[in-house]
Amino acid sequence: MADPQTLLWQHLEHAPQGLQFVRDHEAEGFTLPLYCADAHLAIEVADDPFKRQSDGARERWQERHRVDIMQVPPSHVLRNASEVAEAILDIASRRKERFAK
(Lines give C-alpha, C1' and ligand atoms only; values in the text may rest on other atoms or scores of the structure.)
Protein backbone atom coordinates (compact mmCIF):
# COMPACT_ATOMS: atom_id res chain seq x y z
CA MET A 1 0.00 0.00 0.00
CA ALA A 2 1.27 3.47 -0.87
CA ASP A 3 1.96 6.01 1.82
CA PRO A 4 -0.76 8.70 2.15
CA GLN A 5 1.22 11.44 0.40
CA THR A 6 1.99 9.20 -2.59
CA LEU A 7 -1.61 8.06 -2.71
CA LEU A 8 -2.85 11.66 -2.78
CA TRP A 9 -0.24 12.54 -5.42
CA GLN A 10 -1.58 9.75 -7.65
CA HIS A 11 -4.95 11.54 -7.60
CA LEU A 12 -3.54 15.03 -8.17
CA GLU A 13 -0.70 14.55 -10.65
CA HIS A 14 -3.01 14.52 -13.68
CA ALA A 15 -5.48 17.00 -12.27
CA PRO A 16 -8.25 18.22 -14.52
CA GLN A 17 -9.51 21.81 -14.60
CA GLY A 18 -6.20 23.16 -15.88
CA LEU A 19 -4.53 22.72 -12.50
CA GLN A 20 -0.94 21.59 -12.35
CA PHE A 21 0.40 20.15 -9.12
CA VAL A 22 4.08 19.45 -8.64
CA ARG A 23 5.71 17.26 -6.05
CA ASP A 24 8.53 18.38 -3.73
CA HIS A 25 8.59 22.05 -4.73
CA GLU A 26 11.78 23.67 -3.40
CA ALA A 27 11.12 27.11 -1.91
CA GLU A 28 13.92 29.06 -0.21
CA GLY A 29 15.22 26.42 2.17
CA PHE A 30 12.17 24.23 2.62
CA THR A 31 10.14 21.83 0.50
CA LEU A 32 6.43 21.90 -0.20
CA PRO A 33 5.30 18.27 -0.68
CA LEU A 34 2.49 19.07 -3.16
CA TYR A 35 2.15 22.51 -4.74
CA CYS A 36 -0.11 24.24 -7.28
CA ALA A 37 1.41 27.59 -8.26
CA ASP A 38 -1.65 28.87 -10.15
CA ALA A 39 -3.82 28.35 -7.06
CA HIS A 40 -1.14 29.58 -4.61
CA LEU A 41 -1.83 26.39 -2.66
CA ALA A 42 0.42 23.79 -1.05
CA ILE A 43 -0.77 20.50 0.40
CA GLU A 44 0.87 18.64 3.26
CA VAL A 45 -0.19 15.29 4.61
CA ALA A 46 0.36 15.85 8.33
CA ASP A 47 -0.41 13.76 11.41
CA ASP A 48 -1.63 16.83 13.28
CA PRO A 49 -3.08 19.34 10.82
CA PHE A 50 -3.83 21.77 13.64
CA LYS A 51 -0.25 21.92 14.91
CA ARG A 52 1.19 25.19 13.70
CA GLN A 53 4.65 24.95 12.23
CA SER A 54 6.78 27.79 13.48
CA ASP A 55 9.26 28.59 10.76
CA GLY A 56 9.80 32.29 10.19
CA ALA A 57 11.38 31.89 6.76
CA ARG A 58 8.54 29.69 5.59
CA GLU A 59 5.90 32.09 6.92
CA ARG A 60 7.59 35.07 5.24
CA TRP A 61 7.73 33.14 1.94
CA GLN A 62 4.03 32.25 2.29
CA GLU A 63 3.10 35.88 2.85
CA ARG A 64 5.29 37.16 0.02
CA HIS A 65 3.90 34.64 -2.47
CA ARG A 66 0.36 34.59 -1.03
CA VAL A 67 0.45 30.81 -0.60
CA ASP A 68 -1.77 28.91 1.81
CA ILE A 69 -0.72 25.51 3.08
CA MET A 70 -3.52 23.00 3.52
CA GLN A 71 -2.72 20.18 5.91
CA VAL A 72 -4.61 16.93 5.49
CA PRO A 73 -4.52 14.09 8.02
CA PRO A 74 -3.09 10.85 6.60
CA SER A 75 -6.07 8.92 7.99
CA HIS A 76 -8.41 10.95 5.75
CA VAL A 77 -6.31 10.19 2.68
CA LEU A 78 -6.10 6.48 3.50
CA ARG A 79 -9.84 6.30 4.12
CA ASN A 80 -10.86 8.02 0.87
CA ALA A 81 -8.09 9.55 -1.23
CA SER A 82 -10.35 10.33 -4.18
CA GLU A 83 -12.76 12.32 -2.01
CA VAL A 84 -9.88 14.26 -0.43
CA ALA A 85 -8.43 14.95 -3.88
CA GLU A 86 -11.81 16.17 -5.17
CA ALA A 87 -12.08 18.60 -2.25
CA ILE A 88 -8.54 19.86 -2.88
CA LEU A 89 -9.24 20.30 -6.61
CA ASP A 90 -12.42 22.23 -5.83
CA ILE A 91 -10.55 24.59 -3.50
CA ALA A 92 -7.63 24.92 -5.92
CA SER A 93 -9.84 25.74 -8.90
CA ARG A 94 -11.64 28.49 -6.96
CA ARG A 95 -8.32 29.90 -5.77
CA LYS A 96 -6.93 29.80 -9.33
CA GLU A 97 -9.88 31.88 -10.53
CA ARG A 98 -9.39 34.37 -7.70
CA PHE A 99 -5.68 34.80 -8.35
CA ALA A 100 -6.18 35.11 -12.12
CA LYS A 101 -8.04 38.39 -11.62
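Buried, as the word is used here, means that a residue has under 20% relative accessible area, while exposed means over 50% and partly exposed lies in between. The exercises below concern a predicted model.

**Exercise 1.** Find out how glutamate 44 and arginine 58 are joined, which elements they lie in, and whether they are buried or exposed.

*Solution.* Begin with the contact itself: the side chains of glutamate 44 and arginine 58 meet in a salt bridge, with 2.8 Å from N to O. Next, place the two residues along the chain: glutamate 44 belongs to strand β3 (residues 41-45) and arginine 58 to helix α2, so the salt bridge ties together parts that are 14 residues apart in sequence. Finally, consider their surroundings, where both glutamate 44 and arginine 58 turn out to be buried.

**Exercise 2.** Determine which parts of the chain are linked by glutamate 28 and arginine 64, and classify each of these residues by its accessibility.

*Solution.* The structure holds four salt bridges, and one of them joins glutamate 28 to arginine 64, whose closest N and O atoms are 2.5 Å apart. This pair links distant parts of the chain, since glutamate 28 sits in the loop between β1 (22-27) and β2 (30-36), whereas arginine 64 sits in helix α2 (residues 56-65), 36 residues apart. For the accessibility, compare each value with the cut-offs: glutamate 28 has 53% relative accessibility and therefore counts as exposed, because exposed means over 50%. Arginine 64, at 48%, counts as partly exposed.

**Exercise 3.** Work out how aspartate 90 and arginine 94 are placed in helix α3, and how accessible aspartate 90 is.

*Solution.* Aspartate 90 and arginine 94 form a salt bridge in which the closest N and O atoms are 2.7 Å apart. Both residues belong to helix α3 (residues 74-100), and because they are four residues apart there, about one helical turn separates them. Aspartate 90 has a relative accessible area of 39%, which means that it is partly exposed.

**Exercise 4.** Classify the ring pair of phenylalanine 30 and tryptophan 61, and then describe where its two members lie.

*Solution.* Two aromatic pairs are present in the structure. In the pair of phenylalanine 30 and tryptophan 61, the ring centres are 5.6 Å apart and the planes stand at 85°, so the arrangement is edge-to-face, for which the planes must be over 60 degrees apart. The pair links distant parts of the chain, with phenylalanine 30 in strand β2 and tryptophan 61 in helix α2, 31 residues apart. Both phenylalanine 30 and tryptophan 61 are buried. As a last step, widen the view: ring pairs link Phe30, Tyr35 and Trp61 into a cluster.

Technical notes:
Residues are numbered from 1 along each chain as its sequence is written. This is a predicted model: local features need pLDDT of at least 70, side-chain atom pairs count only at pLDDT 80 or more; totals for chains, interfaces and linings use all residues. Side-chain values use heavy atoms; hydrogens and water are left out. Buried means under 20% relative accessible area, exposed over 50%, partly exposed in between (1.4 Å probe, protein chains only). Rings of Phe, Tyr and Trp (its six-membered ring) pair if their centres lie within 6.5 Å; planes under 30 degrees apart count as stacked, over 60 as edge-to-face and the rest as tilted.
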